[in-house]
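This report walks through selected features of one protein chain, beginning with a single residue and then moving to strands, a helix and aromatic pairs. Please keep the sequence and the model in view while reading.

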Amino acid sequence: MKKAKTALIIISALLLTACSGETKSGGYPIVGTVAKEEIPSEPKLNHSPVSEISEIPNLYDFVGAAGELLTVGSAVNIYSNTDSYPDYNYILEYDHSYFTYVVPNYQRNSLENNDYYYSIDTPEALDEYNLYLKNKSVIYTVRSGDKLENGLICTDAQTAYLYHDNTEQAVPNLHYSEAAFSGELTLTGTIHCEQEESPIPDTGKGLLTFIADSDNGKVPDEYRPGIIYKASQGGKASYYEMFQLGNISDLTEEQASMIGNNEYTDVLITIKNIHLFYGNFGYTPSQIADIVDIKLI
C-alpha cells in the first residue's frame, strides 16, 4: 500500500515539475551557484537546534510546494512536535526556500484613496490581473549559494513542514519558508510612511513600506499561497511586491526629510539584507530589507 502511494506521489511530482518548466520559459531567476567558501557570511537565519531523536520516524514521502519530491532522508533536521501544534507529531526541516519572481502589477501614482489596493473595474484590468496571478503562481526553489540574475546571493534558506504521523492519512503542511540574500537591489516604486498611531508594535506611525513598480521588470517576492484573489468578482486587489523597511526614525536626517511630510513618495531606492519569509499557522508573510540609499523621482 505504501509503495503504491509513493509511486503515485512520484508521478505527481514529475507532472508538476514538467508544468512548472513550461511556465518558466520567460527566464529562470537562478543563474548559478557560487562555491561554498564564496558564500557571504551574512545575513543568516535563526535555525532550530539539531534534533536528538534517536529513531527517525517512518513517514511517507510527499510533494513539496514547488512540486518537488521530499523524503524523510533528505530533511536536515527532524524533531518531535511541541504542544503548539497538537494535531501534528513531527517537524521536518529542509535546506531550501520557496519564492516567486514576477513583474509587479503596480504603476507609480496609481494608488487610489491612499491605500494598498487597486480597482479591477474593466475587462482589461481583469485580464491584466489574471495574467499577473498566473505568473505569480510559479514557485522557485533557492538554496544557500544560489545566485539570482539580479546579482543577489542566497546566504541561507530553510523550509519546515508539520507532519501528522498517521499511516493512513500522512498529510504534511507547510509551516514556514524563508531565505536571506546578500547584495544590493535598486528598485523604483513608492515608499509609504505610516502616518497613524497604532497599538500594534512595529506597525505604527513612521513604519516604512516600499511598493516595487512594474518598471523594474521581475522582482523577487516571498512565497505566498494565500494571495489568489477571485478577480472575476470584481472589486479591489492588493499589491504584493512590497518590502518592510523599518521605521523612518532609523533613517538619516537627509533621507527622512525626503518622505517625512508625505504619506506616499515615489523613489529610487537601494536595499540590502533582503529576507523573504512565508509562515503558516499564525505567522505573517513578509519581505524585510535595510535601506542603503533613497532618491526622489
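N273 counts as partly exposed, because its relative accessibility is 31% and that class lies between the limits of under 20% for buried and over 50% for exposed. The model discussed here is a predicted one. N273 is found in strand β17, and its phi is near 50°, a positive value in a residue other than glycine. Most residues other than glycine have a negative phi, and most peptide bonds are trans. A second backbone feature concerns the peptide bond from E42 to P43, which is cis, with omega near 0°; P43 itself lies in the loop between β1 (30-33) and β2.

**The chain as a whole**

The protein chain contains three helices and 18 strands. Of its 297 residues, 47% count as buried. Among the contacts in the chain with a separation of 6 or more, 75% are accounted for by residues 24 or more positions apart.

**Strand β13 and its partners**

Which residues of β13 cover its two faces? On one side L207, T209 and I211 are buried, and on the other side L208, F210 and A212 are buried, so that both faces of the strand are covered. In a regular strand the side chains alternate between the two faces of the sheet. In terms of the count, six of the six residues of strand β13 (residues 207-212) are buried.

Two strands pair with β13, and each pairing is listed below with one bridge.

| Pairing | Sense | Bridges | One bridge pair |
|---|---|---|---|
| β12 (residues 185-193) and β13 | antiparallel | five | T190 and I211 |
| β13 and β16 (residues 242-247) | antiparallel | four | T209 and Q244 |

**The open sheet and helix α2**

Three strands form an open sheet in the order β8-β6-β14, and the pairing is antiparallel. The edge strands are β8 (140-142) and β14, each of which pairs on one side only, and the twist from one strand to the next averages 45°. Between β6 and β14 the antiparallel pairing extends over four bridges, and T100 stands opposite D221 in β14.

Two strands of this sheet, β6 (97-102) and β14 (219-222), are also among the elements against which the buried residues of α2 pack, together with β7 (117-120) and β15 (235-238). The helix itself comprises residues 123-136; at 1.5 Å a residue its 14 residues should span 20 Å, and its end C-alpha atoms are 20 Å apart, which agrees. Which residues of α2 are buried? They are A125, Y129, Y132, L133 and K136. Seen down the axis of α2, these buried residues fall within an arc of 100°, so they line one face of the helix. An α-helix has 3.6 residues a turn, so residues three or four places apart point the same way. The face of α2 turned away from the buried side carries the exposed residues P123, E124, D127, L131 and K134.

**Aromatic pairs**

A pair of aromatic rings is described by the distance of the centres and the angle of the planes. With a limit of 6.5 Å between ring centres, the count comes to nine aromatic pairs. One of them is formed by F62 and Y94, which are edge-to-face, at 6.4 Å centre to centre with 75° between the planes. Because F62 lies in strand β2 (residues 62-63) and Y94 in strand β5 (residues 90-94), the pair ties together parts that are 32 residues apart in sequence. Both F62 and Y94 are buried.

Another edge-to-face pair is formed by Y223 and Y278, at 5.4 Å centre to centre and with 70° between the planes. This pair links distant parts of the chain, since Y223 is in the loop between β14 and β15 and Y278 is in strand β17 (residues 264-279), 55 residues apart. Y223 is buried, with a relative accessible area of 11%, and Y278 is buried as well, with a relative accessible area of 9%. Ring pairs also link F62, Y94, Y161 and Y163 into a cluster.

How values were computed. Residues numbered from 1 in each chain as written. Predicted model: local features only at pLDDT ≥ 70, side-chain atom pairs only at ≥ 80, totals over all residues. Heavy atoms only, no water. Expected span 1.5 Å × (residues − 1). Buried < 20%, exposed > 50% of the residue type's maximum accessible area, 1.4 Å probe, protein only. Arc of directions from axis to C-beta. Contact = heavy atoms within 4.5 Å. Phe/Tyr/Trp six-rings, centres within 6.5 Å; stacked < 30°, edge-to-face > 60°. Pairing = 2+ DSSP bridges. Axes fitted to C-alpha atoms, helices over the stretch in contact; angles between N-to-C directions.
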